[in-house]
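Welcome! Here is a short guided tour for someone meeting this structure for the first time. Have a look at the sequence and the model, then read on.

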Amino acid sequence: MKTGKVDVLLGLQWGDEGKGKVVDVLTPRYDVVARFQGGPNAGHTLEFEGQKYVLRSIPSGIFQGGKVNIIGNGVVLAPDLFMDEAKDLEKSGHELHSRLRISKKAHLIMPTHRILDRAIEAAKGKNKVGTTGKGIGPTYTDKVSRNGLRVGDILDGFEAKYEAHKQRHMQMLKALGWTDFDGFEETEKRWMEGVEYLKKFPIVDSEIEINKILRSGKNILCEGAQGTMLDVDFGSYPFVTSSNTICAGACTGLGIGPNKIGNVYGIMKAYCTRVGAGPFPTELFDETGKTIRDLGHEYGAVTGRERRCGWIDLVQLRYSIMVDGVTELIMMKSDVLDGFDTIKACVAYKLPNGTVTRDFPYEIDNVEPVYKEIKGWKTDMTKFTSPDQFPQEFKDYIKFLEDELETRIGIISIGPDREQTIEL
Ligand code: GDP
Ligand code: IMO
Ligand code: MG
(Lines give C-alpha, C1' and ligand atoms only; values in the text may rest on other atoms or scores of the structure.)
(Ligands and ions follow the chains in the order given, each with its own letter.)
Protein backbone atom coordinates (compact mmCIF):
# COMPACT_ATOMS: atom_id res chain seq x y z
CA MET A 1 0.00 0.00 0.00
CA LYS A 2 1.25 3.44 -0.93
CA THR A 3 1.86 5.71 2.03
CA GLY A 4 3.27 9.12 2.71
CA LYS A 5 5.44 9.78 5.72
CA VAL A 6 4.86 11.51 9.01
CA ASP A 7 7.74 13.38 10.60
CA VAL A 8 7.47 14.90 14.04
CA LEU A 9 9.18 18.07 15.23
CA LEU A 10 9.29 18.78 18.94
CA GLY A 11 11.00 20.68 21.73
CA LEU A 12 13.50 18.77 23.87
CA GLN A 13 13.81 21.24 26.75
CA TRP A 14 11.22 23.36 28.61
CA GLY A 15 9.63 24.93 25.52
CA ASP A 16 10.50 27.99 23.41
CA GLU A 17 13.35 26.15 21.70
CA GLY A 18 12.47 27.77 18.36
CA LYS A 19 10.03 25.18 17.02
CA GLY A 20 7.96 27.74 15.08
CA LYS A 21 10.96 28.93 13.10
CA VAL A 22 12.03 25.42 12.12
CA VAL A 23 8.52 24.32 11.14
CA ASP A 24 8.36 27.31 8.82
CA VAL A 25 11.76 26.44 7.33
CA LEU A 26 10.86 22.76 6.79
CA THR A 27 7.28 23.24 5.55
CA PRO A 28 8.22 23.41 1.82
CA ARG A 29 9.24 19.71 2.11
CA TYR A 30 5.77 18.66 3.30
CA ASP A 31 2.18 18.78 2.09
CA VAL A 32 0.55 19.21 5.48
CA VAL A 33 1.51 20.71 8.85
CA ALA A 34 -0.45 19.59 11.92
CA ARG A 35 -0.53 20.63 15.56
CA PHE A 36 -1.22 17.68 17.87
CA GLN A 37 -1.35 19.01 21.45
CA GLY A 38 -1.26 22.13 23.59
CA GLY A 39 -3.17 25.28 22.85
CA PRO A 40 -2.73 29.02 23.27
CA ASN A 41 -0.14 28.41 25.99
CA ALA A 42 2.20 28.02 23.01
CA GLY A 43 3.84 31.02 21.40
CA HIS A 44 5.73 30.11 18.22
CA THR A 45 7.69 32.96 16.67
CA LEU A 46 8.53 33.22 12.97
CA GLU A 47 10.54 35.92 11.25
CA PHE A 48 10.92 36.47 7.54
CA GLU A 49 11.04 39.40 5.11
CA GLY A 50 11.43 41.81 8.01
CA GLN A 51 8.15 40.70 9.64
CA LYS A 52 7.65 38.88 12.93
CA TYR A 53 4.64 36.71 13.74
CA VAL A 54 3.71 34.87 16.93
CA LEU A 55 1.41 31.88 16.47
CA ARG A 56 -0.47 30.29 19.37
CA SER A 57 -3.02 27.84 18.01
CA ILE A 58 -2.47 28.06 14.27
CA PRO A 59 0.23 25.74 12.89
CA SER A 60 3.49 27.34 11.78
CA GLY A 61 3.12 26.02 8.24
CA ILE A 62 0.58 28.71 7.43
CA PHE A 63 3.05 31.10 5.75
CA GLN A 64 4.50 28.73 3.18
CA GLY A 65 2.02 28.98 0.28
CA GLY A 66 -0.85 26.64 -0.23
CA LYS A 67 -0.01 23.95 2.36
CA VAL A 68 -2.82 22.40 4.38
CA ASN A 69 -2.61 23.13 8.12
CA ILE A 70 -4.53 21.05 10.62
CA ILE A 71 -5.43 21.67 14.24
CA GLY A 72 -5.66 18.11 15.53
CA ASN A 73 -7.87 16.42 18.12
CA GLY A 74 -5.16 16.61 20.80
CA VAL A 75 -5.19 20.41 20.78
CA VAL A 76 -7.28 22.56 23.13
CA LEU A 77 -8.76 25.59 21.41
CA ALA A 78 -10.05 28.91 22.77
CA PRO A 79 -12.43 30.30 20.11
CA ASP A 80 -11.93 33.95 21.13
CA LEU A 81 -8.13 33.74 21.07
CA PHE A 82 -8.26 31.76 17.85
CA MET A 83 -10.42 34.49 16.29
CA ASP A 84 -7.95 37.22 17.36
CA GLU A 85 -5.02 35.27 15.97
CA ALA A 86 -6.73 34.41 12.69
CA LYS A 87 -8.02 37.94 12.13
CA ASP A 88 -4.56 39.39 12.74
CA LEU A 89 -3.10 37.03 10.15
CA GLU A 90 -5.79 37.91 7.65
CA LYS A 91 -5.17 41.61 8.24
CA SER A 92 -1.54 41.09 7.37
CA GLY A 93 -2.60 39.46 4.10
CA HIS A 94 -2.47 35.76 4.96
CA GLU A 95 -5.58 33.95 3.82
CA LEU A 96 -6.52 31.07 6.11
CA HIS A 97 -9.95 29.71 5.20
CA SER A 98 -8.80 27.52 2.34
CA ARG A 99 -5.75 26.18 4.20
CA LEU A 100 -6.77 25.56 7.78
CA ARG A 101 -8.85 22.63 9.08
CA ILE A 102 -9.93 22.01 12.63
CA SER A 103 -10.66 18.67 14.27
CA LYS A 104 -14.17 18.10 15.59
CA LYS A 105 -12.56 16.26 18.49
CA ALA A 106 -10.35 19.12 19.70
CA HIS A 107 -11.53 20.32 23.11
CA LEU A 108 -12.79 23.85 23.72
CA ILE A 109 -11.23 26.09 26.35
CA MET A 110 -14.16 27.89 27.97
CA PRO A 111 -13.88 31.28 29.70
CA THR A 112 -14.52 29.46 32.99
CA HIS A 113 -11.55 27.15 32.31
CA ARG A 114 -9.32 30.23 32.35
CA ILE A 115 -10.80 31.39 35.65
CA LEU A 116 -10.36 27.89 37.06
CA ASP A 117 -6.71 28.00 35.94
CA ARG A 118 -6.20 31.16 38.00
CA ALA A 119 -8.19 29.87 40.96
CA ILE A 120 -6.33 26.55 41.10
CA GLU A 121 -2.99 28.34 40.87
CA ALA A 122 -4.01 30.72 43.66
CA ALA A 123 -5.06 27.78 45.82
CA LYS A 124 -1.62 26.20 45.35
CA GLY A 125 0.02 29.23 46.93
CA LYS A 126 3.81 28.95 46.91
CA ASN A 127 3.59 25.63 45.05
CA LYS A 128 1.99 27.21 42.03
CA VAL A 129 3.09 25.96 38.60
CA GLY A 130 3.26 29.42 37.02
CA THR A 131 0.90 28.47 34.20
CA THR A 132 0.22 30.70 31.24
CA GLY A 133 -3.31 31.24 32.61
CA LYS A 134 -4.89 30.09 29.36
CA GLY A 135 -7.06 27.40 30.96
CA ILE A 136 -4.94 24.53 29.66
CA GLY A 137 -4.93 22.35 32.82
CA PRO A 138 -8.67 22.64 33.56
CA THR A 139 -9.58 21.92 29.92
CA TYR A 140 -7.46 18.77 29.71
CA THR A 141 -8.76 17.77 33.15
CA ASP A 142 -12.32 17.99 31.82
CA LYS A 143 -11.28 15.97 28.77
CA VAL A 144 -9.76 13.16 30.82
CA SER A 145 -12.59 13.16 33.37
CA ARG A 146 -15.05 12.86 30.49
CA ASN A 147 -16.62 16.25 31.05
CA GLY A 148 -15.23 18.16 28.07
CA LEU A 149 -16.87 20.26 25.38
CA ARG A 150 -15.50 19.68 21.88
CA VAL A 151 -15.33 21.70 18.68
CA GLY A 152 -17.83 19.29 17.09
CA ASP A 153 -20.33 20.26 19.77
CA ILE A 154 -20.67 23.80 18.39
CA LEU A 155 -22.45 22.40 15.34
CA ASP A 156 -25.56 21.29 17.20
CA GLY A 157 -27.47 22.30 20.36
CA PHE A 158 -24.45 24.18 21.66
CA GLU A 159 -26.06 26.72 24.01
CA ALA A 160 -27.50 24.11 26.37
CA LYS A 161 -24.26 22.13 26.48
CA TYR A 162 -22.26 25.28 27.16
CA GLU A 163 -24.58 26.38 29.95
CA ALA A 164 -24.37 22.98 31.71
CA HIS A 165 -20.56 23.03 31.61
CA LYS A 166 -20.46 26.62 32.79
CA GLN A 167 -22.70 25.85 35.76
CA ARG A 168 -20.50 22.93 36.75
CA HIS A 169 -17.43 25.20 36.58
CA MET A 170 -19.20 27.85 38.66
CA GLN A 171 -19.82 25.26 41.38
CA MET A 172 -16.15 24.36 41.35
CA LEU A 173 -15.13 28.03 41.57
CA LYS A 174 -17.49 28.51 44.48
CA ALA A 175 -15.89 25.57 46.26
CA LEU A 176 -12.50 27.19 45.68
CA GLY A 177 -13.81 30.43 47.20
CA TRP A 178 -13.19 32.36 43.97
CA THR A 179 -15.06 35.68 43.70
CA ASP A 180 -13.26 37.67 40.98
CA PHE A 181 -15.45 37.63 37.88
CA ASP A 182 -14.44 41.06 36.57
CA GLY A 183 -15.14 41.42 32.86
CA PHE A 184 -16.60 37.92 32.62
CA GLU A 185 -19.71 38.89 30.65
CA GLU A 186 -17.66 40.76 28.07
CA THR A 187 -15.23 37.83 27.74
CA GLU A 188 -18.11 35.39 27.37
CA LYS A 189 -19.69 37.54 24.65
CA ARG A 190 -16.43 37.62 22.67
CA TRP A 191 -15.97 33.90 23.24
CA MET A 192 -19.41 33.25 21.67
CA GLU A 193 -18.42 35.48 18.74
CA GLY A 194 -15.35 33.29 18.45
CA VAL A 195 -17.56 30.20 18.31
CA GLU A 196 -19.50 31.71 15.39
CA TYR A 197 -16.21 32.66 13.71
CA LEU A 198 -14.90 29.12 14.13
CA LYS A 199 -17.89 27.79 12.17
CA LYS A 200 -16.54 29.54 9.06
CA PHE A 201 -13.63 27.08 8.97
CA PRO A 202 -13.79 23.47 7.83
CA ILE A 203 -14.52 21.46 11.00
CA VAL A 204 -13.51 17.95 10.09
CA ASP A 205 -12.83 14.38 11.19
CA SER A 206 -9.14 15.20 11.00
CA GLU A 207 -7.94 11.67 11.81
CA ILE A 208 -9.77 10.40 8.72
CA GLU A 209 -8.48 13.25 6.53
CA ILE A 210 -4.94 12.75 7.74
CA ASN A 211 -4.93 9.05 7.01
CA LYS A 212 -6.43 9.68 3.56
CA ILE A 213 -3.71 12.23 2.91
CA LEU A 214 -1.09 9.66 3.88
CA ARG A 215 -2.63 6.97 1.68
CA SER A 216 -2.42 9.37 -1.26
CA GLY A 217 1.35 9.45 -0.74
CA LYS A 218 1.57 12.94 0.77
CA ASN A 219 3.82 13.86 3.67
CA ILE A 220 2.90 15.40 7.01
CA LEU A 221 4.97 17.41 9.48
CA CYS A 222 3.64 17.33 13.06
CA GLU A 223 4.43 20.45 15.07
CA GLY A 224 4.89 19.95 18.79
CA ALA A 225 4.18 22.63 21.34
CA GLN A 226 5.93 23.11 24.72
CA GLY A 227 8.84 20.71 25.29
CA THR A 228 9.66 17.24 26.56
CA MET A 229 10.46 18.51 30.07
CA LEU A 230 6.89 19.87 30.22
CA ASP A 231 5.34 16.52 29.24
CA VAL A 232 2.71 15.41 31.75
CA ASP A 233 4.27 11.93 32.06
CA PHE A 234 8.00 12.47 31.57
CA GLY A 235 8.52 16.15 32.38
CA SER A 236 9.50 17.76 35.69
CA TYR A 237 6.16 16.80 37.25
CA PRO A 238 4.13 18.52 38.70
CA PHE A 239 5.74 21.57 37.06
CA VAL A 240 4.56 20.57 33.61
CA THR A 241 1.76 21.25 31.18
CA SER A 242 -1.25 18.93 30.91
CA SER A 243 -0.61 17.19 27.61
CA ASN A 244 1.79 14.65 26.12
CA THR A 245 4.34 16.83 24.41
CA ILE A 246 6.51 13.82 23.45
CA CYS A 247 6.55 12.13 20.06
CA ALA A 248 3.84 9.65 21.06
CA GLY A 249 1.52 12.66 21.50
CA ALA A 250 1.50 13.03 17.72
CA CYS A 251 -0.12 9.58 17.43
CA THR A 252 -2.86 10.22 20.00
CA GLY A 253 -3.26 13.88 19.05
CA LEU A 254 -3.81 13.23 15.35
CA GLY A 255 -4.92 9.60 15.04
CA ILE A 256 -1.77 8.35 13.34
CA GLY A 257 -0.45 4.82 13.86
CA PRO A 258 3.01 4.71 15.47
CA ASN A 259 4.33 2.69 12.51
CA LYS A 260 3.75 5.76 10.29
CA ILE A 261 6.25 7.95 12.18
CA GLY A 262 9.49 8.55 10.29
CA ASN A 263 11.93 11.27 11.29
CA VAL A 264 11.73 12.83 14.72
CA TYR A 265 13.36 16.25 14.79
CA GLY A 266 14.43 17.29 18.29
CA ILE A 267 14.80 21.04 18.72
CA MET A 268 17.15 22.40 21.38
CA LYS A 269 18.76 25.70 22.19
CA ALA A 270 22.55 25.93 22.45
CA TYR A 271 21.76 26.74 26.10
CA CYS A 272 18.57 26.21 28.08
CA THR A 273 15.60 28.26 29.28
CA ARG A 274 12.48 27.76 31.31
CA VAL A 275 9.41 29.94 32.13
CA GLY A 276 7.31 29.38 35.21
CA ALA A 277 8.19 27.46 38.35
CA GLY A 278 9.94 24.12 38.78
CA PRO A 279 13.42 22.59 38.92
CA PHE A 280 16.09 23.67 36.43
CA PRO A 281 19.48 22.17 37.38
CA THR A 282 21.69 24.34 35.15
CA GLU A 283 19.93 27.63 35.86
CA LEU A 284 22.28 30.61 36.15
CA PHE A 285 21.51 33.29 38.71
CA ASP A 286 24.58 35.39 37.90
CA GLU A 287 25.64 37.91 35.25
CA THR A 288 26.10 35.12 32.68
CA GLY A 289 22.43 34.18 33.01
CA LYS A 290 21.48 37.82 32.56
CA THR A 291 23.75 38.15 29.52
CA ILE A 292 22.12 35.11 27.89
CA ARG A 293 18.67 36.55 28.62
CA ASP A 294 19.58 39.90 27.08
CA LEU A 295 21.37 38.53 24.02
CA GLY A 296 18.72 35.86 23.41
CA HIS A 297 15.78 38.22 24.12
CA GLU A 298 14.52 35.58 26.49
CA TYR A 299 11.10 36.94 27.37
CA GLY A 300 7.92 34.87 26.90
CA ALA A 301 6.17 35.19 23.53
CA VAL A 302 2.77 34.73 25.23
CA THR A 303 3.07 36.22 28.71
CA GLY A 304 6.13 38.50 28.33
CA ARG A 305 7.58 36.85 31.45
CA GLU A 306 11.35 36.72 31.89
CA ARG A 307 12.66 33.32 30.89
CA ARG A 308 15.05 31.66 33.33
CA CYS A 309 18.36 30.96 31.57
CA GLY A 310 21.10 28.38 32.06
CA TRP A 311 23.67 26.17 30.36
CA ILE A 312 22.78 23.30 28.06
CA ASP A 313 21.99 20.14 30.02
CA LEU A 314 23.08 16.98 28.23
CA VAL A 315 21.73 14.61 30.91
CA GLN A 316 18.30 16.12 30.39
CA LEU A 317 18.67 16.13 26.60
CA ARG A 318 19.74 12.47 26.47
CA TYR A 319 16.57 11.60 28.38
CA SER A 320 14.39 13.64 26.01
CA ILE A 321 16.06 12.10 22.96
CA MET A 322 15.31 8.67 24.45
CA VAL A 323 11.61 9.18 25.23
CA ASP A 324 10.98 10.96 21.93
CA GLY A 325 12.98 8.60 19.72
CA VAL A 326 14.77 11.59 18.17
CA THR A 327 16.47 10.80 14.85
CA GLU A 328 17.98 14.23 14.17
CA LEU A 329 18.82 17.23 16.31
CA ILE A 330 18.37 20.87 15.38
CA MET A 331 20.32 23.42 17.41
CA MET A 332 18.94 26.93 17.80
CA LYS A 333 20.31 30.25 18.97
CA SER A 334 23.99 29.36 18.71
CA ASP A 335 24.51 33.04 17.82
CA VAL A 336 23.62 33.99 21.40
CA LEU A 337 26.87 32.33 22.52
CA ASP A 338 28.99 33.88 19.71
CA GLY A 339 30.80 36.27 22.07
CA PHE A 340 31.55 33.95 25.01
CA ASP A 341 35.17 33.10 25.96
CA THR A 342 34.05 29.87 27.56
CA ILE A 343 30.76 28.03 27.54
CA LYS A 344 29.66 25.16 29.72
CA ALA A 345 27.71 21.96 29.13
CA CYS A 346 26.32 19.79 31.93
CA VAL A 347 27.51 16.24 31.25
CA ALA A 348 26.44 14.53 34.49
CA TYR A 349 24.58 15.16 37.75
CA LYS A 350 25.93 14.80 41.26
CA LEU A 351 23.10 13.40 43.39
CA PRO A 352 22.51 14.50 47.02
CA ASN A 353 24.16 11.22 48.21
CA GLY A 354 27.35 12.12 46.30
CA THR A 355 26.90 9.66 43.41
CA VAL A 356 27.68 11.06 39.97
CA THR A 357 25.29 9.87 37.26
CA ARG A 358 24.74 10.40 33.56
CA ASP A 359 21.21 9.00 33.87
CA PHE A 360 18.23 11.25 34.40
CA PRO A 361 16.91 10.69 37.95
CA TYR A 362 13.33 10.65 39.27
CA GLU A 363 13.86 14.01 40.92
CA ILE A 364 16.08 16.81 39.66
CA ASP A 365 15.40 19.27 42.49
CA ASN A 366 18.64 18.68 44.36
CA VAL A 367 21.07 17.54 41.70
CA GLU A 368 24.29 19.44 41.13
CA PRO A 369 25.41 19.78 37.51
CA VAL A 370 28.86 18.49 36.58
CA TYR A 371 30.14 20.76 33.82
CA LYS A 372 32.56 20.43 30.97
CA GLU A 373 34.07 23.75 29.91
CA ILE A 374 34.29 24.43 26.22
CA LYS A 375 36.37 27.09 24.50
CA GLY A 376 34.12 29.69 22.84
CA TRP A 377 34.34 30.37 19.10
CA LYS A 378 34.25 34.17 19.52
CA THR A 379 32.99 34.78 16.00
CA ASP A 380 29.87 36.53 14.75
CA MET A 381 28.24 33.77 12.71
CA THR A 382 24.89 35.48 12.09
CA LYS A 383 25.59 36.19 8.42
CA PHE A 384 27.11 32.82 7.56
CA THR A 385 25.51 30.86 4.74
CA SER A 386 27.48 27.61 4.77
CA PRO A 387 28.84 25.22 7.40
CA ASP A 388 32.28 25.63 5.79
CA GLN A 389 32.44 29.09 7.35
CA PHE A 390 32.11 27.76 10.91
CA PRO A 391 35.23 28.33 13.03
CA GLN A 392 37.04 25.19 14.21
CA GLU A 393 35.95 25.73 17.85
CA PHE A 394 32.31 25.66 16.78
CA LYS A 395 32.84 22.54 14.67
CA ASP A 396 34.44 20.94 17.73
CA TYR A 397 31.45 21.94 19.85
CA ILE A 398 29.03 20.32 17.38
CA LYS A 399 31.13 17.14 17.34
CA PHE A 400 31.21 17.12 21.15
CA LEU A 401 27.41 17.45 21.34
CA GLU A 402 26.83 14.75 18.73
CA ASP A 403 29.12 12.35 20.61
CA GLU A 404 27.53 13.09 23.99
CA LEU A 405 23.99 12.87 22.64
CA GLU A 406 24.67 10.01 20.22
CA THR A 407 22.53 11.78 17.65
CA ARG A 408 23.33 13.74 14.51
CA ILE A 409 22.80 17.52 14.39
CA GLY A 410 21.21 18.30 11.02
CA ILE A 411 20.53 22.03 11.21
CA ILE A 412 22.06 24.98 13.06
CA SER A 413 20.08 28.17 13.52
CA ILE A 414 22.20 31.33 13.69
CA GLY A 415 19.49 33.96 14.11
CA PRO A 416 15.71 34.39 14.25
CA ASP A 417 15.18 34.93 10.53
CA ARG A 418 14.09 32.13 8.21
CA GLU A 419 17.28 32.74 6.20
CA GLN A 420 19.57 32.35 9.21
CA THR A 421 19.50 28.58 9.01
CA ILE A 422 22.40 26.33 8.07
CA GLU A 423 22.00 22.69 7.08
CA LEU A 424 24.90 20.43 7.86
P1 GDP B 1 8.93 28.13 20.11
O2 GDP B 1 7.87 28.30 21.12
O3 GDP B 1 9.70 26.86 20.28
O4 GDP B 1 8.45 28.28 18.70
O5 GDP B 1 9.98 29.31 20.38
P6 GDP B 1 9.61 30.85 20.73
O7 GDP B 1 9.13 31.51 19.49
O8 GDP B 1 8.75 30.95 21.92
O9 GDP B 1 11.02 31.38 21.18
C10 GDP B 1 12.12 31.35 20.34
C11 GDP B 1 12.63 32.78 20.19
O12 GDP B 1 13.93 32.76 19.64
C13 GDP B 1 11.81 33.60 19.21
O14 GDP B 1 11.84 34.93 19.62
C15 GDP B 1 12.55 33.41 17.89
O16 GDP B 1 12.36 34.49 16.99
C17 GDP B 1 13.96 33.38 18.36
N18 GDP B 1 14.90 32.55 17.59
C19 GDP B 1 14.66 31.38 16.94
N20 GDP B 1 15.81 30.88 16.44
C21 GDP B 1 16.78 31.76 16.77
C22 GDP B 1 18.20 31.79 16.57
O23 GDP B 1 18.80 30.89 16.00
N24 GDP B 1 18.87 32.86 17.10
C25 GDP B 1 18.24 33.86 17.77
N26 GDP B 1 18.98 34.86 18.23
N27 GDP B 1 16.93 33.86 17.97
C28 GDP B 1 16.20 32.82 17.49
P1 IMO C 1 5.88 26.83 23.45
O2 IMO C 1 5.05 25.94 22.55
C3 IMO C 1 7.43 27.53 27.47
C4 IMO C 1 4.87 26.31 30.82
C5 IMO C 1 4.30 27.40 31.70
C6 IMO C 1 4.20 26.65 33.02
C7 IMO C 1 3.80 25.24 32.58
C8 IMO C 1 2.31 24.96 32.63
O9 IMO C 1 5.87 28.25 23.06
O10 IMO C 1 7.23 26.24 23.63
P11 IMO C 1 0.23 25.72 31.18
O12 IMO C 1 -0.30 27.08 30.85
O13 IMO C 1 0.59 24.90 29.98
O14 IMO C 1 -0.65 24.96 32.11
O15 IMO C 1 1.59 25.99 32.00
O16 IMO C 1 4.24 25.11 31.24
N17 IMO C 1 4.58 26.47 29.37
C18 IMO C 1 5.48 26.84 28.46
N19 IMO C 1 6.78 27.23 28.60
N20 IMO C 1 6.89 27.43 26.23
C21 IMO C 1 5.62 27.01 26.06
O22 IMO C 1 5.08 26.77 24.86
C23 IMO C 1 4.85 26.74 27.22
N24 IMO C 1 3.57 26.34 27.42
C25 IMO C 1 3.44 26.16 28.74
O26 IMO C 1 5.16 28.50 31.78
O27 IMO C 1 5.47 26.56 33.61
MG1 MG D 1 7.25 29.66 22.60
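**The metal site**

Asp 16 has a relative accessibility of 23%, so it counts as partly exposed. Gly 43, by contrast, counts as buried because its relative accessibility is 12%. Please keep in mind that this is a predicted model. With that said, these two residues make a good starting point, and the tour goes on from there.

- The magnesium ion (ligand 3) has Asp 16 and Gly 43 as its protein donors, at 2.1 to 2.2 Å. Asp 16 contributes an OD atom and Gly 43 an O atom.
- These donors bring together distant parts of the chain, being 27 residues apart. Asp 16 belongs to the loop between strand S1 (6-11) and helix H1 (19-26). Gly 43 belongs to the loop between strand S2 (32-35) and strand S3 (44-48).

**Ligand 1**

- There are 18 residues around ligand 1, and those that come nearest are Gly 18, Lys 19, Thr 45, Asp 335 and Ser 413.
- A polar backbone atom of Lys 19 is 2.7 Å from an oxygen atom of ligand 1.
- Two side chains also offer polar atoms to oxygen atoms of this ligand: Lys 333 at 2.9 Å, and Arg 307 at 3.1 Å.
- How much of ligand 1 does the protein bury? Taken alone, ligand 1 exposes 590 Å², and the protein buries 94% of that.

**Ligand 2**

- Around ligand 2 there are 21 residues, of which Asp 16, Lys 19, His 44, Thr 132 and Thr 241 come nearest.
- Lys 19 appears here too, with an N or O atom of its side chain 2.7 Å from an oxygen atom of ligand 2.
- The side chain of Thr 241 has a polar atom 2.6 Å from an oxygen atom of ligand 2, while for the side chain of Arg 305 the distance is 2.9 Å.
- On its own, ligand 2 exposes 540 Å², of which the protein buries 97%.

**The nonpolar cores**

- The largest nonpolar core has 56 residues. Cys 222, Leu 314, Met 331, Phe 390, Phe 394, Tyr 397 and Leu 401 have the most contacts inside it.
- Which helix gives this core its largest share? Helix H11 (residues 392-405) does, with six residues.
- Leaving out residues up to four places away in sequence, Cys 222 touches Val 6, Asp 7, Val 8, Leu 9, Ala 34, Phe 36, Ala 250, Leu 254 and Ile 256.
- A second, separate core holds 37 residues, among them Tyr 53, Ile 102, Trp 178 and Leu 198.

**Phe 82 in helix H2**

- Phe 82 sits in helix H2 (residues 79-91). Its relative accessibility is 0%, so Phe 82 counts as buried.
- Beyond its neighbours within four places in sequence, Phe 82 is in contact with Ile 58, Ile 71, Leu 77, Leu 100, Ile 102, Tyr 197, Leu 198 and Phe 201.
- Phe 82 and Gly 194 are 112 residues apart in sequence, yet their C-alpha atoms are 7.3 Å apart in space.

**Helix H4 and its surroundings**

- Helix H4 (residues 136-144) has these buried residues: Ile 136, Gly 137, Pro 138, Thr 139, Tyr 140 and Asp 142.
- What do the buried residues of H4 pack against? They pack against strand S6 (76-77), strand S8 (107-108), helix H3 (111-124) and helix H5 (158-175).
- After H4 comes Arg 146, which has a positive phi, near 65°.

**Two buried charged residues**

- Lys 166 is part of helix H5. Is Lys 166 buried or exposed? Lys 166 counts as buried because its relative accessibility is 12%, and the cut-off for buried is under 20%.
- A polar contact of 2.9 Å joins the side chain of Lys 166 to the side chain of Glu 188. Apart from residues up to four places away in sequence, Lys 166 touches Met 110, Thr 112, Phe 184 and Glu 188.
- Arg 293 lies in helix H9 (residues 287-295). With a relative accessible area of 14%, Arg 293 is buried too.
- Setting aside neighbours within four places in sequence, Arg 293 is in contact with Glu 298, Tyr 299, Glu 306, Arg 307, Arg 308 and Cys 309. One of these, Arg 307, also has a side-chain N or O atom 3.1 Å from an oxygen atom of ligand 1.

Notes. Residues numbered from 1 in each chain as written. Chains lettered and ligands numbered in written order. Predicted model: local features only at pLDDT ≥ 70, side-chain atom pairs only at ≥ 80, totals over all residues. Heavy atoms only, no water. Donors = N, O, S within 2.8 Å, 3.2 Å for Na, K, Ca; no water. Helix = DSSP H or I, 4+ residues; strand = E, 2+ residues; numbered from the N terminus. Buried < 20%, exposed > 50% of the residue type's maximum accessible area, 1.4 Å probe, protein only. Contact = heavy atoms within 4.5 Å. Near = heavy atom within 4 Å. Polar contact = N/O pair within 3.5 Å; in protein donor to acceptor, adjacent residues only side chain to side chain. Areas by Shrake-Rupley, 256 points an atom, 1.4 Å probe, with all protein chains shown as cover. Core = buried A, V, L, I, M, F, W, Y, C linked by side-chain atoms within 4.5 Å.
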